[in-house]
Structure formats: C-alpha cells, structure tokens
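Me: I'd like a close look at a single strand in this one, plus the side-chain contacts worth knowing about elsewhere. Could you walk me through it?

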Amino acid sequence: MTTLTAIPLISRLSSRVIRILGCNPGPMTLQGTNTYLVGTGNKRVLIDSGDEDTSSEYTKILKDVLVEENATIEHLIVTHWHCDHIGGVSAVQKLLQLNDPKSSPPTVWKFPRSSDDLYDEDVEKSLAVWTPLMDNQRIEIEGAKLKVSHTPGHTTDHVCLILEEENALFSGDCILGETTAVFENLYDYILSLKKILGENSTLIYPGHGPVVSDPNKKIQAYIDHRKKREEQILTFLKNKRNQEPSDVMEIVESMYQDTPKNLWLAAANNVNHHLEKLLKEKKVSFENDKWSVVHHS
C-alpha cells in the first residue's frame, strides 16, 4: 500500500492561504479533508468544512487559527455535497456565533445539484440556509478574488475555485494530491478535467492530499489514465471471439488480472462508468445486460 505524505493539521501555504485538516483521515479521505482559510483581512473565505463526526475537534483548531489571524469567516464555500466537505458547516456556524454573538452569520455557498441527480442523501438537507453558486461567479474579500468553475463528474454540484492572485486552483475532489479520484459520471468528469486543464493554473490546492505543484501534468495524467482504461475496454470487446457481447465482469476479469478478486466489484463500478460514457458516445451498445462494440461505416 502506498504511504501517504504527512500533512500537518495547520499549514500556511501562502500569504493568503492557510490549510486546516478536517481531522477525518480514512481510506477515501486520505490524510483528511483539506479546508482552506483564504484572504488577508479580518473577513475571510473558508473553503469546505470537514466532517460532522470530527467537527468538534476541527472547530477547536479552526478557532485557534481565527484568533491568531484576528479574523472571522464571511463566506463558507462548499465544493460539493459529500459529507466530508459539507458535514462541518453547522459546527463552524456555531463557533462563529459563540465567538461573536453580534456578528452576521457567514454566507454559505454551494452549487445546486442536478435535477436528475439520483443520489438522494439527507446530508445536504442539514444546511439550514445556503445560497446557490453560479458558474464563473466571483467572490471577493480582502487579498483574494475567487472565480467559481462548475466541474461536474465527481458529483453533479462539484465546483473548483480559481484564486486569481496566485493563478491557483482549489480543486475539491476533481483532482487529489495523491491517488486518483472517484466519479459518478465519467463523461462529465473528463469534460471537467479538460476545462480545468484550460485554466493553465500554476498550483493546485486539492480537497485531499498535498499541494500539486505541476497542475497540467497531473490533470493530463488523470485524463490519460481514463483514456487507457477506455482503450482496454474497446480492445477487449473488439478482440473477443466473434465479437460476442460481454458482461461487465468478463471485462473486469480481463483488465484487472493483477488485482485481488475481492476488489473486482469496485473495479466493476469504474468499468460501468466507462461503458456508460462510451454508450453516450455511441462507441458501444448495450442489450440484455451485455456490451458490444459499435462499428461505424
């Protein structure tokens, strides 16, 4: 198993960016969720809020940082609805209210989920009030201008944020500092990767893992990895005897021979996402729970 880079609970990454770990390490969250305090003045932006289960531990650390910086939070931007990014919002709101009972609560921002989003989770409903983000919207505070970029694929509501002063990208879970990311919709995810590649950022502050100092190389590697998997699937379907239709597990068995069989179901989930993308592009067909390659004249 790959050893993850050690990340301190608090890291000053630049004159306007402080990273605070969400205190929620795990197989999916790596070292924990990265939250970011952004800006240089008394009023700052907080990007993501960690997990509900570790929010008391997280807010103690956040409080120390705010005291040291003589700052409060004016805007809380949630990159997407997953619980390890949205779960600590209420705890952060309570912390700010206790710190200054007369202060206005921060504006909580989040991009709306798609109307056909099949993931019916209650976690988003825990937000009492939130304001919808828009693509290309700008949120400005002293020392920082943040541009919103809607980047669906990981989730339908996922956004990245571009810190214009540093030409840096807060990538949420679109790009991680280590390992590859998971996704709900590969077609949209690839489009989003190409979109952020076009930003030509000089730095990535990811939702998990260490800072990425070579963004274009990292983003292109993500795209190439998915393209390689796609080519493997098409090659398998083309080379199968008489090009008979195949089910997903046949494809998994061919592609993941070096992967333990107890992980094949997880691999099948990825293969399914690839097949759905190829179906959308009319490169494969699906009938009777089996997949075939499509020949174009």
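What follows starts with one strand and then moves on to rings and charges.

Reply: Sure, and keep in mind that this is a predicted model.

Let's start with strand β10, which covers residues 159-163. Five of its five residues are buried, so the rest of the structure largely encloses this strand. You can check that face by face: V159, L161 and L163 are buried on one side, and C160 and I162 are buried on the other. In other words, both faces of β10 are covered.

Now for the strands that pair with it. Strand β9 (residues 144-150) runs antiparallel to β10, and five bridges join the two. If you want a spot to look at, take S149, whose bridge partner in β10 is C160. Strand β11 (residues 168-172) also pairs with β10 in the antiparallel sense, over three bridges. There, I162 has L169 of β11 as its bridge partner. The hairpin of β10 and β11 has four residues between the strands, and in this hairpin N167 takes a positive phi near 50°.

On to the rings. The structure holds five aromatic pairs. In one of them, the ring centres of Y36 and Y205 are 5.7 Å apart and the planes sit at 45°, so this pair counts as tilted. Y36 belongs to strand β3 (residues 34-38) and Y205 to strand β12 (residues 203-206), so the contact ties together parts that are 169 residues apart in sequence. Both Y36 and Y205 are buried. For another geometry, go to F183 and Y189: their ring centres are 5.4 Å apart with the planes at 15°, so that pair is stacked. F183 is buried, as is Y189. Coming back to the tyrosines, ring pairs link Y36, F170 and Y205 into a cluster.

Two rings also have a charge over them. The charged end of K110 sits over the ring of W130, 4.6 Å from its centre. Likewise, R113 places its charged end over the ring of W81, 4.2 Å from the centre.

Last come the charge pairs. Side chains of opposite charge can pair when their charged atoms come close. The count here comes to 14 salt bridges. One of them takes you back to strand β9: E199 bridges to K147, with the closest N and O atoms 3.8 Å apart. K147 lies in β9 while E199 is in the loop between α4 (186-197) and β12, so this pair ties together parts that are 52 residues apart in sequence. K147 counts as buried at 17% relative accessibility, whereas E199 is partly exposed at 24%.

Another salt bridge joins E230 and K283, whose closest N and O atoms are 4.0 Å apart. E230 is in helix α5 (residues 215-239) and K283 in the loop between α7 (264-280) and β13 (284-287), so here the parts tied together are 53 residues apart in sequence. E230 is buried, with a relative accessible area of 11%, and K283 is partly exposed at 32%. K283 also meets E281 in a salt bridge, at 3.6 Å from N to O. E281 is partly exposed too, with a relative accessible area of 28%. Zoom out a bit and you'll find E230, K277, E281 and K283 linked in a network of salt bridges.

Note on methods
Residues are numbered from 1 along each chain as its sequence is written. This is a predicted model: local features need pLDDT of at least 70, side-chain atom pairs count only at pLDDT 80 or more; totals for chains, interfaces and linings use all residues. Side-chain values use heavy atoms; hydrogens and water are left out. Buried means under 20% relative accessible area, exposed over 50%, partly exposed in between (1.4 Å probe, protein chains only). Two strands pair if DSSP finds at least two bridges between them. Rings of Phe, Tyr and Trp (its six-membered ring) pair if their centres lie within 6.5 Å; planes under 30 degrees apart count as stacked, over 60 as edge-to-face and the rest as tilted. A charge sits over a ring if NZ of Lys or CZ of Arg is within 6 Å of the ring centre and within 35 degrees of the ring normal. A salt bridge is a side-chain nitrogen of Lys or Arg within 4 Å of a carboxyl oxygen of Asp or Glu.
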